Amino acid sequence: MLHRGQESTDGTGGGELTVPMAWLYAEYIADELLRTGDLMPPTSFEFRAGRDALALTIFLSDTDGELSGIRVVTQLETWLSLTAYDQPWQDWVRERMAGLAAEAAESGGPAPDLELAEAAWRWLQETELLAPDLNAVPGGGALVGEDEGPKVWTPAWQLGLPLGHLAIHLF
């Protein structure tokens with residue numbers, strides 16, 4: 001099985017299946033971080049948003065294509081800084097995705113990791129989730145519960161990113 005950065009030895013690709021190991025591993029790490037934090041039910045859209053945002057961060061921050069289990073702990077600070085509230089995360093994602101797309105076009109080979117990352121990024125941008133409006137100013141009335149307060153449709157990445165950031169902190 002091939003994965004990112006490897007080519008078939010016969011130079012033709014041989015019709016072999018290319019396995020997107022880098023993306024699958026990033027998604028696994030993100031899933032484990034979120035499950036450990038126990039912030040959302042794993043079946044919720046919010047959990048998926050957090051997992052996809054965190055997986056994108058993990059995948060795109062691995063510039064050498066050498067993400068390994070041993071290095072996960074050493075990367076936590078990097079992932080925290082990338083997912084911090086005051087960082088232009090979506091601009092960083094766009095730049096890194098464009099760079100990887102250019103590399104893939106240049107190599108001419110399959111890029112299944114990039115395809116899965118692009119699908120996650122599309123979902124995070126195009127999907128909106130109904131969430132509490134954190135910018136709403138209380139009208140001075142009685143306090144209401146979380147489910148009763150004002151809600152707003154929010155792009156999934158805007159919910160997933162802070163969820164992923166908090167999961168890293170809780171790890």
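Q: Why is Trp89 called buried?
A: In this predicted model, Trp89 has a relative accessible area of 2%. The term buried applies under 20%, so with its 2% Trp89 earns the label.

Q: What makes Trp121 count as buried?
A: The reasoning is the same kind of check: Trp121 has a relative accessible area of 7%, and the cut-off for buried is under 20%. Trp121 is therefore buried. Taking the protein chain as a whole, buried residues make up 40% of its 171 residues.

Q: How many aromatic pairs are there, and what makes two rings a pair?
A: Ring centres have to lie within 6.5 Å for a pair, and by this rule the count comes to four aromatic pairs.

Q: Why is the pair of Trp23 and Phe59 called edge-to-face?
A: The ring centres of Trp23 and Phe59 are 5.7 Å apart, and their planes stand at 80°. Planes over 60 degrees apart count as edge-to-face, so that is the name for Trp23 and Phe59.

Q: What makes this pair of Trp23 and Phe59 a tie between parts of the chain?
A: Trp23 belongs to helix H1 (residues 21-37), while Phe59 belongs to helix H2 (residues 45-61). The pair therefore ties together parts that are 36 residues apart in sequence. Both Trp23 and Phe59 are buried.

Q: How do you know what kind of aromatic pair Trp89 and Trp121 form?
A: Their rings are 5.6 Å apart, centre to centre, with 75° between the planes. The limit for a pair is within 6.5 Å, and edge-to-face needs planes over 60 degrees apart, so Trp89 and Trp121 form an edge-to-face pair.

Q: Which helices does the pair of Trp89 and Trp121 tie together?
A: Trp89 lies in helix H4 (residues 89-107) and Trp121 in helix H5 (residues 112-126), so parts that are 32 residues apart in sequence are tied together. Trp89 and Trp121 also join Trp157 in one aromatic cluster.

Q: How do you know that the length of helix H6 fits its number of residues?
A: Helix H6 (residues 156-170) has 15 residues, which at 1.5 Å a residue should span 21 Å. The C-alpha atoms at its ends are 21 Å apart, so the two values agree. Among the buried residues of H6 are Trp157, Leu161, His165 and Ile168.

Q: What makes Arg48 a charge over the ring of Trp123?
A: Arg48 lies over the face of Trp123, at 4.0 Å from the ring centre. The distance limit is within 6 Å, and 4.0 Å satisfies that part of the rule.

Q: Why is Arg48 called partly exposed, while Asp52 is called buried?
A: Arg48 has a relative accessible area of 31%, and the class runs between the 20% and 50% cut-offs, so Arg48 is partly exposed. Asp52 is at 3%, which is under the 20% for buried.

Q: Why do Asp52 and Arg48 count as a salt bridge?
A: Their side chains meet at 3.4 Å, N to O, and the limit is within 4 Å. Asp52 and Arg48 are four residues apart in helix H2, which means about one helical turn separates them. In general, an α-helix has 3.6 residues a turn, so residues three or four places apart point the same way.

Q: How do you know that Arg51 and Glu27 form a salt bridge?
A: The closest N and O atoms of Arg51 and Glu27 are 3.8 Å apart, and a salt bridge needs them within 4 Å. Arg51 lies in helix H2 and Glu27 in helix H1, so the pair ties together parts that are 24 residues apart in sequence. Glu27 is partly exposed, at 23% relative accessibility.

Q: What makes Glu27, Arg48, Arg51 and Asp52 one network?
A: Asp52 also forms a salt bridge with Arg51, at 3.5 Å between the closest N and O atoms. Salt bridges that share partners join these four residues, Glu27, Arg48, Arg51 and Asp52, into one network. The structure holds five salt bridges.

Q: What makes Leu116 eligible for a surface patch?
A: Leu116, in helix H5, has a relative accessible area of 34% and is partly exposed. Patch residues need over 30%, so Leu116 passes that test. Together with Met21 and Leu24, Leu116 forms a nonpolar patch with about 240 Å² of accessible area.

Terms used
Residues are numbered from 1 along each chain as its sequence is written. This is a predicted model: local features need pLDDT of at least 70, side-chain atom pairs count only at pLDDT 80 or more; totals for chains, interfaces and linings use all residues. Side-chain values use heavy atoms; hydrogens and water are left out. Rings of Phe, Tyr and Trp (its six-membered ring) pair if their centres lie within 6.5 Å; planes under 30 degrees apart count as stacked, over 60 as edge-to-face and the rest as tilted. Helices (H or I, at least four residues) and strands (E, at least two) are DSSP runs, numbered from the N terminus. Buried means under 20% relative accessible area, exposed over 50%, partly exposed in between (1.4 Å probe, protein chains only). A charge sits over a ring if NZ of Lys or CZ of Arg is within 6 Å of the ring centre and within 35 degrees of the ring normal. Patches are made of residues with over 30% relative accessible area and no salt bridge: like charges are joined within 9 Å, nonpolar side chains (Val, Leu, Ile, Met, Phe, Trp, Tyr) within 5 Å. Accessible areas come from the Shrake-Rupley method with a 1.4 Å probe; for residues, only the protein chains shown count as cover. The expected span of a helix is 1.5 Å times one less than its number of residues.
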